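Reader: Hi! Could you walk me through this one before I set anything up?

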Amino acid sequence: MTTAIRDALLAQALTCEHGGSPMYAELLRRAADEPDGPIAAVLSDGPDAGRCLRLLGAVHRLVLEGRAPDLAAHYPTAATTPTNALATSAPPPTTGAGTTRHATDVSTAGDAANTNAAMSGAIASPTTTNTNTNTTSVSAARAATGANTTTGATTAGAAGGGTADPLDAWPAFRALLAERPDEVRAAMAGAPQTNEVGRAAPLVGGLLSIMAAIGERPVRLLEVGASAGLNLRADHYRYESGGLGFGPADSPVVLRDAWLGSPPPLTGGLSIVERRGCDLAPVDPVADAVRLLSFVWPDQHERVARLRGALEIAARVPATVVQADAATFLADLEPRPDVVTVVWHSLMWQYLSPAEQAQVTASIERAGSLATPDAPVAHLYLEQANDADFHSLPVLTLRLWPHHGGERRILADTPHHGVPATWR
Ligand SMILES: C[S@@+](CC[C@H](N)C(=O)[O-])C[C@H]1O[C@@H](n2cnc3c(N)ncnc32)[C@H](O)[C@@H]1O
């Protein structure tokens, strides 16, 4: 094992330990202790960038696909059968466009008499203008054809998973790498890709702040670096904060302690009438669902539960993510009457070149200069305060035209996964 690989294993172990995955921390440290072991051998052949996360994701995928039953016994995410790897509780079908309007006491959230879980089809169906043939667009119809593997419902985050102690996974983990290294290598081909559902908390809090400033108005939500577009469906998630709740009470995604401090008023409504985004490498939330799940750490139960719920929603709520870079996607951005145009992004700015960052900013500012009280424009973003520093924490920032004249206002601070968002 090279020093670089050993250092990478130990550094990733520390990150996993601090990030809430004692299981991965243990596996990585055991691997670092074996300079001539099977994990070192597989890592020596693979790409340098993100090598540990690739390996962990590859193994997790074999587990989720039912191809590593001995190891599955230790993975809380593992399905008892391959078809329920994505299982969550099953809520009723809804439409893509709708209004979420409810501030309810969390203590009564399960009581239909006290909640408003309905999402009326408030305005027209979402526009899904695709400018590129390589498009991720998931419709309820597609889910109905069986593309969705969400079957065998159990509770979110506990899809009948392995019950053996995750900290005892090492012998089975090592055996898999020793006996089937080629399968693991093959599964390591794809770069790690995530879509963090917790970041919906600052997004929806920010949208409510915009409503507080301009009055209630339909939202045209445009996301750059959208990955699988899960947060384009953020109005279908449930947010709980200080004894209050917002969003459908029966949502399979529940963000507890979504907002701390002085969150925006929860009494208004939120109607998203267009859900459109771009990404350099869009992820299909149905076809690539297991891949997305494989990059979440199996013993991070809340994250796993959120992702499973969001994948289930994505299979029935349409949104469009085109394959395009952010600058191209926003090049023709203009305000639109009767809706607030919101450009949103999270944890993607650091990947843009300075030239692309300048182009994106110019497109948004140009649209902002054309905004009117009837056709406002907002730039809402959750990005690291210092994008040169990987560890710097994200802040939620809002620019709003014409109401704030495009002035930058910092709304909240969050951890990397977005929740809880502490309002300033
Ligand atoms: C860390 S992920 C964040 C994904 C998502 N925003 C979230 O918060 O979960 C960064 C995403 O930005 C995308 N990306 C990187 N450079 C991009 C660019 N120039 N234009 C559009 N998307 C880009 C990547 O493909 C990836 O999906």
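Author: Happy to; we can start with the whole chain and then look at individual spots.

Reader: Great. What kind of model is it, and how many helices and strands are there in the protein?

Author: This is a predicted model. The protein has 13 helices and 15 strands. Of its 424 residues, 51% count as buried.

Reader: And among contacts between residues at least 6 apart in sequence, what share joins residues at least 24 apart?

Author: That share is 78%.

Reader: Nice. Let's go to the N-terminal end. How do helix 1 and helix 2 cross?

Author: Helix 1 covers residues 3-18 and helix 2 covers residues 22-32; their axes come within 8 Å and cross at roughly 160 degrees. Because of that angle, helix 1 is roughly antiparallel to helix 2. The crossing is left-handed.

Reader: Which residues make that contact?

Author: From helix 1 you have R6, L9, L10, Q12, A13, C16 and E17. Helix 2 brings P22, Y24, A25, L28, R29, A31 and A32. By class, the contact has 10 nonpolar, one polar and three charged residues.

Reader: Which residues of helix 2 are buried?

Author: M23, Y24, A25, L27, L28, A31 and A32 are buried there.

Reader: What do those pack against?

Author: The buried residues of helix 2 pack against helix 1, helix 3 (38-45), helix 4 (51-64) and helix 7 (170-179).

Reader: Since you mention helix 3, is A40 buried or partly exposed?

Author: A40, which sits in helix 3, is partly exposed, because it has 18 other C-beta atoms within 10 Å and 20 would be needed to count as buried. Leaving aside neighbours within four places in sequence, A40 is in contact with M1, I5, A31, E34 and P35. A40 and I5 are 35 residues apart in sequence, and their C-alpha atoms are 7.4 Å apart in space.

Reader: What about A11 on helix 1?

Author: A11 is part of helix 1 and is partly exposed, with 13 other C-beta atoms within 10 Å. From A11 to C52 it is 41 residues in sequence and 9.7 Å in space, C-alpha to C-alpha.

Reader: OK, switching topic to the ligand. Which residues come nearest to it?

Author: There are 20 residues around the ligand, and G225, S227, S346, M348 and Y351 come nearest. The shell divides into nine nonpolar, six polar and five charged residues.

Reader: Now backbone geometry, my favourite. Which residues other than glycine have a positive phi?

Author: Two to look at are D257, with phi near 50 degrees, and L347, with phi of about 45 degrees. For background, most residues other than glycine have a negative phi.

Reader: Where do those two sit?

Author: D257 lies in the loop between strand 7 (254-255) and strand 8 (259-260). L347 is in the loop between strand 11 (340-346) and helix 13 (354-370).

Reader: And are they buried or partly exposed?

Author: D257 counts as partly exposed because it has 14 C-beta neighbours inside 10 Å. L347 has 20 such neighbours, so it counts as buried.

Reader: Where should I look for cis peptide bonds?

Author: The bond from W401 to P402 is cis, with omega near -10 degrees. The bond from V419 to P420 is cis too, with omega near 0 degrees.

Reader: Which loops hold those prolines?

Author: P402 is in the loop between strand 13 (394-401) and strand 14 (409-413). P420 is in the loop between strand 14 and strand 15 (421-423).

Reader: Last one: what is I214 in contact with?

Author: Apart from neighbours within four places in sequence, I214 is in contact with V340, P376 and H403. I214 and V340 are 126 residues apart in sequence and 8.9 Å apart in space, C-alpha to C-alpha.

Reader: Which helix is I214 in, and how exposed is it?

Author: I214 is in helix 9, residues 200-214. I214 is partly exposed, with 17 other C-beta atoms within 10 Å.

Reader: Thanks, that helps a lot!

How values were computed. Residues are numbered from 1 along each chain as its sequence is written. This is a predicted model: local features need pLDDT of at least 70, side-chain atom pairs count only at pLDDT 80 or more; totals for chains, interfaces and linings use all residues. Helices (H or I, at least four residues) and strands (E, at least two) are DSSP runs, numbered from the N terminus. A residue is buried if 20 or more other C-beta atoms lie within 10 Å of its own, exposed if 12 or fewer, and partly exposed in between; C-beta atoms are placed from the backbone. Two residues are in contact if their C-beta atoms, placed from the backbone, lie within 7 Å. Axes are lines fitted to C-alpha atoms, for helices over the stretch in contact, and angles run from 0 to 180 degrees between N-to-C directions. Angles under 35 degrees count as roughly parallel, over 145 as roughly antiparallel, 65 to 115 as roughly perpendicular and the rest as oblique. A crossing is left-handed if the near helix is turned anticlockwise from the far one by less than a right angle, and right-handed if clockwise. Ala, Val, Leu, Ile, Met, Phe, Trp, Tyr, Cys and Pro count as nonpolar, Asp, Glu, Lys and Arg as charged, and the others, Gly among them, as polar. A residue is near a molecule or strand if its C-beta atom, placed from the backbone, lies within 6 Å of it.
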